[in-house]
Amino acid sequence: MAESPFAQTAPSLIALGYSPLPIVPPDVPKLGAGKAPALSGWQKYCNEAPTSFFVAGYSRAPAMGVGVATGFGGLVAVDIDGYDAIIDPILSVLPPAVVVKIGRKGLTAFYRSIVPMKSRPYNDANGIRLLDFLSGGRQTVIPPSIHPDTGHPYYWWSDATLEDTPLAALPVLTHEHRAAMEEILRSFGWTLLERRQSCGGAVEQSVASPGGSDAASLFRAVNDAALANLAAWVPALELKRWFRAGSSFKAVAEWRPSSTGRALHLRKPNLSFKSDGIVDFGDGPKGYTPIDVVVEARGVTNAEALLWLAPLVGVPLEDPEEAALASRVITAAMKKKA
């Protein structure tokens, strides 16, 4: 029996400083087949390398794909999967890519960061994904895994691969590079969801749209439940320097740069969580809804934040399509604004 992609590559990836993950084979009838890790709680491998026992166990599974956990050792990836026209402008403002992989379309370029960076999806005003910035808490599938949509293997576009390039040899991507990348994304229609300050200090998302009352109500229900039960979800974000003060919490707003240039572990916990609102007193002050915070802290979309937060605060989602509906309402509001 031929070795699976995971069995073929995991030992060399570990030796070169990466954290490999087993990926569900594309022919397995499971959500995320061909793209998702084959184990729950895989995010811990963004911070620790898998053991030899772990590798041996998953290497015995036939056709198991392989991915790498980003964030581990500072590994970051720029995944361009939207417009082809965006590829050259983005790569022109980033360090010359040494390792690049191709899937069905677009490309993924690998770098390393020597300072913490948050994962984030970047969409245009129509809700179309332009780019994913992958760091802590994320992963990406690599060759020779089989792409579930094409039935063909992912492949390396570059001469170098992660199987023969030490993590320490990847080019360094800085916050300055990321800022330049975001300027390019703005020219292609990337825009942040507008937020407006409410009189109570919290923030309301601008999601009002004809036919979207159900989705808007779902967002409000989750935000209201989260403010009423901060203890159910704030600790789970694992923000730097978070602590509880009575029924309130404070933490560092990791997703924005420090106004004083302090390292992350030395920054003041200016992000305040109270039942009447969430405010970052180091930035404005700027207000957030609970869903806003989850989007920023976990580097996910609004719909993904809703799916993560709702069960923690006791709001039932009878069907994942509810989150998709909510996402469409946001997209419609952003179109109207544009």
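## What helix α4 packs against

In this predicted model, the buried residues of helix α4 pack against four elements: β3 (75-80), α3 (87-92), β6 (120-123) and β7 (129-134). The residues of α4 that count as buried are R178, M181, E182, I184 and L185. They sit on the same side of the helix, because the arc they cover around the axis is only 155°. If you turn to the face of α4 that points away from this buried side, you will find the exposed residues E176 and S187.

The helix itself runs over residues 175-187, which makes 13 residues. From its first C-alpha to its last, α4 reaches 19 Å, close to the 18 Å expected at 1.5 Å a residue. Just after α4 comes G189, whose phi is positive, at about 105°.

## The protein as a whole

Stepping back from α4, the protein has nine helices and 16 strands. Its chain holds 338 residues, and 49% of them count as buried. Sequence separation is worth a look as well: take the contacts between residues at least 6 apart in sequence, and 66% of these join residues at least 24 apart.

## A310 in helix α8

For one residue of the buried part, have a look at A310, which has its place in helix α8 (residues 302-312). Its relative accessible area is 0%, so A310 counts as buried. A225 is 85 residues away from A310 along the chain, yet the C-alpha atoms of the two are separated by 8.4 Å.

## The cavity

How many cavities of 30 Å³ or more does the structure hold? There is one, and the volume of the largest cavity is about 40 Å³. Its lining brings together P5, I23, V24, P25, P26, G34, A63, G65, S145 and I146.

By residue class, the lining of the largest cavity has seven nonpolar and three polar residues, and no charged ones. Among the lining residues are prolines P5, P25 and P26, along with glycines G34 and G65.

## A cis peptide bond

Now for the backbone. Most residues other than glycine have a negative phi, and most peptide bonds are trans. The bond from P143 to P144 is cis, with omega near 5°. P144 belongs to the loop that links β8 (139-141) and β9 (155-156).

## Positive phi between α6 and β12

Which residue in the loop between α6 (234-237) and β12 (243-245) should you look at? One to visit is E238, found in that loop. E238 is not a glycine, although its phi is positive, at about 55°. With a relative accessible area of 64%, E238 is exposed.

R241 lies in the loop between α6 and β12 too. This residue is likewise not a glycine, and its phi is positive, at about 60°. Is R241 exposed or only partly exposed? The relative accessibility of R241 is 44%, so this arginine counts as partly exposed.

Terms used:
Residues are numbered from 1 along each chain as its sequence is written. This is a predicted model: local features need pLDDT of at least 70, side-chain atom pairs count only at pLDDT 80 or more; totals for chains, interfaces and linings use all residues. Side-chain values use heavy atoms; hydrogens and water are left out. On a 1 Å grid over the protein atoms alone, a cavity is a set of points where a 1.4 Å probe fits but cannot get out, and a pocket is an open set with protein on both sides within 12 Å along at least five of seven lines; lining residues have an atom within 4 Å of a point. Grid points are joined across faces, edges and corners, and a volume is the space filled by probe spheres set on the points. Ala, Val, Leu, Ile, Met, Phe, Trp, Tyr, Cys and Pro count as nonpolar, Asp, Glu, Lys and Arg as charged, and the others, Gly among them, as polar. Helices (H or I, at least four residues) and strands (E, at least two) are DSSP runs, numbered from the N terminus. The expected span of a helix is 1.5 Å times one less than its number of residues. Buried means under 20% relative accessible area, exposed over 50%, partly exposed in between (1.4 Å probe, protein chains only). The arc is that of the directions from the helix axis to the C-beta atoms. Contact means heavy atoms within 4.5 Å.
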